[in-house]
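Trainee: Could you take me closely through one place where two helices pack against each other, and then through what else can be said of the surrounding model?

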Amino acid sequence: MRVVEVISYGGPEVLRIANRPDPEAGDVPGRVRVRLKAAAVHQADLRIRSGQWAAFLGELAPPFVLGFDFAGVLLDAAPGLPEGTRVAGFIPWVSEGTGEGSYAEVIRAAPEWLAPIPDDMDFTTAASVPLSALVADQAVDLLDLPEGSPVLVSGAGGVVGRFAVQHAAAAGYRVVALADEDVRHELLRLGAEELVPRGDPADVVAKVRAHVPEGVAAVLDAALIGAPLLPALRDGGTFVSASGERLPDRVRDIDVTAIRPRPDAVRLKAILDSVAARELTTRTADIVPLASAAEAHRRAEAGHRPGRIVLLI
């Protein structure tokens, strides 16, 4: 079985193709094998590879295999999912702590990670969805605000941010999107009522306050800007970060929390069905062969094209 290993902390050059034994179904009780067809590249992969997250990983150190999102075909039956079912999901890579990720031809997955892929959805689209869509969905669930409440989404042009805009708008919130000007029309179409261009944090806050003078009720910080966005919030508001990085201190009775993404097969199935029905949109920036994972990381670090980079396996 081919995998892409991180052999040491560093730049993309530390990624290499390696051969490992194919996992057996009985190696890990309660796990099933999935023959992968596609896997997504996340910013978290870049941080883990570079060593930025080494302190979060405890005793886990290279060599290991990166990768959260995946799409493929079941090699073993799972509850409610017969062998041969096309499935997508994400590996809770950090909490699992095994160093077994989705940059591989075959993985062992917990059945509760897996949702069936709709018949008319391709593997690369399916692989672009699970973690980002569930992070955004779970972040919106934390808000619990009255309908019509104003919510600021940072990084709204990115993968998580675009899902957050759509989920927040569907929940009935007034969405102010913080993103580049060139995606204004797209984000307005996805449900934002206003776009504030990226820039100096003080200018951003001033523009948000010009649109919502009393301050927004919540910030969904997909761009991980952190404390500079707090002045955009009203007293007693809610700040939800897509990661524990740059989490601001609590001030003015603002509730501050970070998403700890959890697999949710039921919700993921509903999201995939919504994407297939064109009720929810995702975007793929590039499709790169597994053997060119290092190049995929270089493109992700360059950040020139919006959307998820997907490895074709």
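Mentor: In this predicted model, helix H1, which covers residues 43-50, and helix H9, which covers residues 293-302, pack at an angle of about 110° with their axes 10 Å apart; because angles from 65 to 115 degrees count as roughly perpendicular, H1 and H9 are therefore roughly perpendicular to each other. The crossing in which H1 passes H9 is left-handed. On the H1 side the contact is made by Gln43, Asp45, Leu46 and Arg49, and these meet His297, Ala300 and Glu301 of H9. Taken together, the residues of this contact between H1 and H9 comprise three charged, two polar and two nonpolar ones.

Helix H4, residues 130-143, can be described in its own right: its 14 residues reach 21 Å from the first C-alpha to the last, close to the 20 Å expected at 1.5 Å a residue. H4 is mostly covered, with 12 of its 14 residues buried, and among the buried ones are Leu131, Leu134, Val135, Val140 and Leu143, as well as the charged Asp137. Just after H4, Asp144 takes a positive phi of about 50°.

As for the loops, Pro111 lies in the one between strand S7 (106-109) and strand S8 (115-116). Leaving aside residues up to four places away in sequence, Pro111 touches Gly30, Ala78 and Pro79, and the C-alpha atoms of Pro111 and Pro79 are 7.0 Å apart in space although the two residues are 32 residues apart in sequence.

Notes. Residues are numbered from 1 along each chain as its sequence is written. This is a predicted model: local features need pLDDT of at least 70, side-chain atom pairs count only at pLDDT 80 or more; totals for chains, interfaces and linings use all residues. Side-chain values use heavy atoms; hydrogens and water are left out. Helices (H or I, at least four residues) and strands (E, at least two) are DSSP runs, numbered from the N terminus. The expected span of a helix is 1.5 Å times one less than its number of residues. Buried means under 20% relative accessible area, exposed over 50%, partly exposed in between (1.4 Å probe, protein chains only). Axes are lines fitted to C-alpha atoms, for helices over the stretch in contact, and angles run from 0 to 180 degrees between N-to-C directions. Angles under 35 degrees count as roughly parallel, over 145 as roughly antiparallel, 65 to 115 as roughly perpendicular and the rest as oblique. A crossing is left-handed if the near helix is turned anticlockwise from the far one by less than a right angle, and right-handed if clockwise. Contact means heavy atoms within 4.5 Å.
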